[in-house]
Amino acid sequence: MMRLFVLGSGSRGNCFAVESEGVALLVDAGFSAREIERRAEAVGLELGRVAGIALTHEHGDHSTGAPRLARRLGAPVLTAPGTWSRLARRMPLATHQGIGLQTPLELGPFRVRACPVSHDAVEPLALAVQVADGTGIGVAYDLGRPTAAVRYLLRNLTALVLEANHDEVALRTSEYPPVVQRRIAGSGGHLSNRAAAELLAELHHPGLAVVVLAHLSQRCNTAEDARATVAPVLRRVGFTGALHVASQDGPLPPILVVAPARAQLSLAL
Ligand SMILES: [Zn+2]
Ligand SMILES: [Zn+2]
């Protein structure tokens, strides 16, 4: 069993946390340390329990608060080697642990696996965090294309945090100049609502209990549009779990992540 904290997500900042057995792992720290502390407190996430800060890539909306938080919490920063080469100067005192693509990283109750994603950063990653009872949470955003590696990493997890960045029509009719539109929709950019729905339909399995749509564009998407595109597709493939949409402006209430078979068992007891 795990808990998933969605502290906020969007182009102005991303921060999530997973918790199990009283230990927490931050996934991205893209708000100021103070804002992360404020949001964590609002949803009952004790930052004193954070055993590590995993960063998917170096862009500010994923890493801004990491230097100060790492110092305050005394927690190691976990990144791909390339990402660390960009960030190390900003946090000379932080301990670093490399996230390898071959070997999972073990930290407290967590087993962290990673794969590269197609995005315009040095060495961006998607992450999958699992605990001993088999519960697992995947986080994949800032990905231009869902590659075979991403599909492989995200299969059979209990919860998926997936980018649903833009509505394709809203992007085409937006005030963004064509070159920016191409960048967003391109292989180094972001997943559209429709691409997210297709990937989720492909990844669906009976153990998938929670889906969180994340990294919504403020200009070219709304929570309603993202949900309206993804929900019917998920329903069609038999998804009966909970569908959430992350917000830029505030945290969601903590989400309990339990594999469906176990959820039924605990209801029966
Ligand atoms: Zn990015
Ligand atoms: Zn981003």
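This is a short tour of the structure in your viewer, one selection at a time. Keep in mind as you click around that you are looking at a predicted model.

**Stop 1: the whole chain**

Start with everything shown as a cartoon. You should be able to pick out 10 helices and 14 strands. Along its principal axes, the chain's C-alpha atoms fill a box of roughly 55 × 45 × 35 Å. Is that what a compact globule would give? What radius of gyration would you expect for 269 residues? A compact globule would come out near 18 Å, and the chain has 17 Å, which agrees.

Now switch on the surface. About 11600 Å² of the chain is accessible, and 53% of that belongs to carbon and sulfur atoms. Buried residues account for 55% of the 269. If you colour by charge, you'll be looking at 26 positive and 23 negative charges, whose mean positions sit 2 Å apart. One more number for the overall picture: take the contacts between residues at least 6 apart in sequence, and 65% of them join residues at least 24 apart.

**Stop 2: the zinc site**

Hide the surface and select the zinc ion (ligand 2). Which residues hold this ion? Show Asp61, His62, Asp142 and His215 as sticks: they coordinate the zinc at 2.1 to 2.6 Å, with Asp142 listed for two OD contacts and each histidine using its NE2. Read along the chain, the donors follow the spacing D-H-x79-D-x72-H.

Next, add the zinc ion (ligand 1). Aspartate 142 bridges the two zinc ions, which lie 3.5 Å apart.

Stay with the two histidines for a moment. Histidine 62 lies in helix H2 (residues 60-63), while histidine 215 is in the loop between strand S12 (210-214) and helix H9 (223-236), so the pair ties together parts that are 153 residues apart in sequence. Are they buried or exposed? Both histidine 62 and histidine 215 are buried.

Zoom in on histidine 215 itself. Its relative accessibility is 2%, so histidine 215 counts as buried. Its backbone is worth a look too: phi is near 55°, a positive value in a residue other than glycine.

**Stop 3: elsewhere in that loop**

Follow the loop between S12 and H9 until you reach arginine 219. This residue is exposed, with a relative accessible area of 57%. Try the distance tool from its C-alpha to that of glycine 144: you should get 18 Å, for two residues 75 apart along the chain.

**Stop 4: aspartate 28**

Jump to strand S3 and select aspartate 28. Its phi is positive, about 70°, although this residue is not a glycine. Aspartate 28 is buried, with a relative accessible area of 0%.

**Stop 5: helix H3**

Select residues 66-73, which form helix H3, and show the buried ones: Ala66, Pro67, Leu69 and Ala70. What do they pack against? Their partners are strand S3 (23-29), helix H1 (33-42), strand S4 (50-54), H2 and strand S5 (77-79). Just after H3 comes glycine 74, with a positive phi near 60°.

**Stop 6: asparagine 193**

For the last stop, go to helix H8 (residues 193-203) and pick asparagine 193. This residue is buried, with a relative accessible area of 1%. Leaving out residues up to four places away in sequence, asparagine 193 touches several others, among them Ala164, His166, Asn221, Asp225 and Val230. Show those as sticks and rotate the view around asparagine 193.

Definitions and conventions: Residues numbered from 1 in each chain as written. Chains lettered and ligands numbered in written order. Predicted model: local features only at pLDDT ≥ 70, side-chain atom pairs only at ≥ 80, totals over all residues. Heavy atoms only, no water. Donors = N, O, S within 2.8 Å, 3.2 Å for Na, K, Ca; no water. Helix = DSSP H or I, 4+ residues; strand = E, 2+ residues; numbered from the N terminus. Buried < 20%, exposed > 50% of the residue type's maximum accessible area, 1.4 Å probe, protein only. Rg over C-alpha atoms; globule rule 2.2 N^0.38 Å. Contact = heavy atoms within 4.5 Å. Areas by Shrake-Rupley, 256 points an atom, 1.4 Å probe, with all protein chains shown as cover. Lys, Arg positive; Asp, Glu negative; His and termini not counted. Charge placed at Lys NZ, Arg CZ, Asp CG, Glu CD.
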